[in-house]
Amino acid sequence: MHFLDQAKIHLKSGAGGPGAVSFRREKYVEFGGPDGGNGGKGGDVVFEAVQGLNTLIDFRYSQHFKAQRGGHGMGRDRYGKGADDLVIKVPVGTQVLSEDKEEILADFTEVGQRVVMLEGGMGGRGNASYKTSTNRAPRQHQPGEPSQEMSVWLRLKLLADVGLLGLPNAGKSTFINAITNAKAKVGHYAFTTLVPKLGVVHHKGREFVLADIPGLIEGAADGAGIGDRFLGHIERCRVLIHLIDIAGDDPALAMKTVQEELAAYGEGLTDKPQLIALNKLDLADAELAEGFAAELLDAGADEVFAVSGATGAGIEPLLDAVLGYLPDRTSTETNAAEVEDDEQSADWSPI
């Protein structure tokens, strides 16, 4: 499945059905009177967040969404049928923006969340509803309210508990493969990761989602490399893991470069807790790792972990630190089934 995190679509609700002008005509009924029914309501355009989607690729091939109009009113006091709502299913984490991208119209953060984006037109009144004691044969009716239409942008921000970032070739793909089943592409060149990846981490009885984004380089905020487009996918993370290549030329400069790009992007990313991890420990000795860790601490890091995504060394203490920033139950743990107490289940008896 291809990853797509932005799409522009056009929405149109259903118009209301027109009311009918009709008079009762039956044998032996001298004064039948008006019997034109009202029109039906047009369909609403509704967005719904569903589980199991993590891309907007469906909206690349279908950009126009139009709800059905309400049914026509008919004679014999028959009302028009109301049209069904048009439900557009989107991934959790999707934002609906105005056409100029200046206003957030809806933000879907929970499964099952629904928002009516456009309301269908009300059905028009038939001539039977205009009958009064002084107006016994009305011929007026209403055509039904018109539909509404608008163009919106959909923007997906993946919902993850932990974000993974760093310069290209810092070993992020190897790291996420070591602790999850993401199966990210690994290569001996920069920008092997072109789109964000999600993986579920299981550690000491806990479970959380980790998001890996493409590497940042100097000038990413101005469009260099892949740019900062994918930074939005870690805006909602509770903690960030910043991987730094221990075999690089200057780890302190690498940390500074990423921090400057986060500051240029804004959205509070620099205020999020960050765990600095010196990666590729298997390519250096302990003395070199300690020296680089001291440089990073002097450069502003709160705590530095030495890890190896290839061998798994040092990963457990890093994940222990991550757990300290997570809530009592993450979103994936909330959906998991609770385990019964063995002592209570042993006392149960059908008699």
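# Notebook: a walk through a predicted model

**Entry 1: confidence.** I began with how far to trust the model, since it is a predicted one. The protein chain averages a pLDDT of 85, and 89% of the residues score at least 70. Over residues 336-346 the pLDDT is below 50. Beyond near neighbours in sequence, I found that this stretch has 2 contacts in the model. I then looked up the elements: helix 7 (residues 342-346) has the lowest mean pLDDT, 44, while strand 3 (residues 64-66) has the highest, 97. A note to myself: where pLDDT is low, the predicted coordinates should not be read in detail.

**Entry 2: the overall build.** How many helices and strands does the protein chain have? I listed 7 helices and 14 strands. The protein chain holds 351 residues, and buried ones make up 46% of them. Next I looked at contacts between residues at least 6 apart in sequence; 74% of these join residues at least 24 apart.

**Entry 3: the nonpolar cores.** I kept a general idea in mind here: in soluble globular proteins, nonpolar side chains tend to be buried together. Which residues touch the most other members of the largest nonpolar core? They are Leu-11, Phe-47 and Phe-59, in a core of 40 residues. Several elements each supply at least two residues of this core, among them strand 1 (6-12), strand 2 (45-50), strand 8 (149-156) and helix 3 (251-265). I followed Phe-59 further, leaving aside its neighbours within four places in sequence. Phe-59 is in contact with Ala-7, Ile-9, Phe-65, Ile-88, Lys-89, Val-90 and Leu-154. There is also a second, separate core of 23 residues, which includes Leu-164, Ala-170, Ile-241 and Ile-315.

**Entry 4: the largest pocket.** Now for the empty space. The largest pocket has a volume of about 840 Å³. Of the 28 residues that line this pocket, the closest to its centre are Val-92, Leu-159, Val-209, Ser-331 and Thr-332. Strand 10 (197-203) and helix 6 (331-334) each supply at least two residues of the lining. The largest share, 3 residues, comes from strand 10. I sorted the lining by type as well: 13 residues are nonpolar, 10 polar and 5 charged.

**Entry 5: Gly-40.** Is Gly-40 buried or exposed? Gly-40 counts as buried because its relative accessibility is 3%, and the cut-off for buried is under 20%. I placed Gly-40 in the loop between strand 1 and strand 2. Leaving aside neighbours within four places in sequence, Gly-40 is in contact with several glycines, including Gly-16, Gly-17, Gly-70 and Gly-71. Lys-81 is also one of the contacts of Gly-40, and so is Gly-121. I checked the distance for that last pair: Gly-40 and Gly-121 are 81 residues apart in sequence and 8.9 Å apart in space, C-alpha to C-alpha.

**Entry 6: two positive phi angles.** Arg-76 caught my eye with a positive phi of about 60°, although it is not a glycine. I found Arg-76 in the loop between strand 3 and strand 4. Arg-76 is exposed, because its relative accessible area is 69% and the cut-off for exposed is over 50%. Glu-267 is not a glycine either, and I noted a positive phi of about 60° for it. Where is Glu-267 found? Glu-267 sits in the loop between helix 3 and strand 13 (274-279). With a relative accessible area of 56%, Glu-267 is exposed.

Technical notes. Residues numbered from 1 in each chain as written. Predicted model: local features only at pLDDT ≥ 70, side-chain atom pairs only at ≥ 80, totals over all residues. Heavy atoms only, no water. pLDDT = per-residue confidence, 0-100. Helix = DSSP H or I, 4+ residues; strand = E, 2+ residues; numbered from the N terminus. Contact = heavy atoms within 4.5 Å. Core = buried A, V, L, I, M, F, W, Y, C linked by side-chain atoms within 4.5 Å. Buried < 20%, exposed > 50% of the residue type's maximum accessible area, 1.4 Å probe, protein only. 1 Å grid on protein atoms, 1.4 Å probe; cavity = no way out; pocket = protein on both sides within 12 Å on 5 of 7 lines; lining within 4 Å. Points joined across faces, edges and corners; volume = space filled by probe spheres on them. Nonpolar A, V, L, I, M, F, W, Y, C, P; charged D, E, K, R; others polar.
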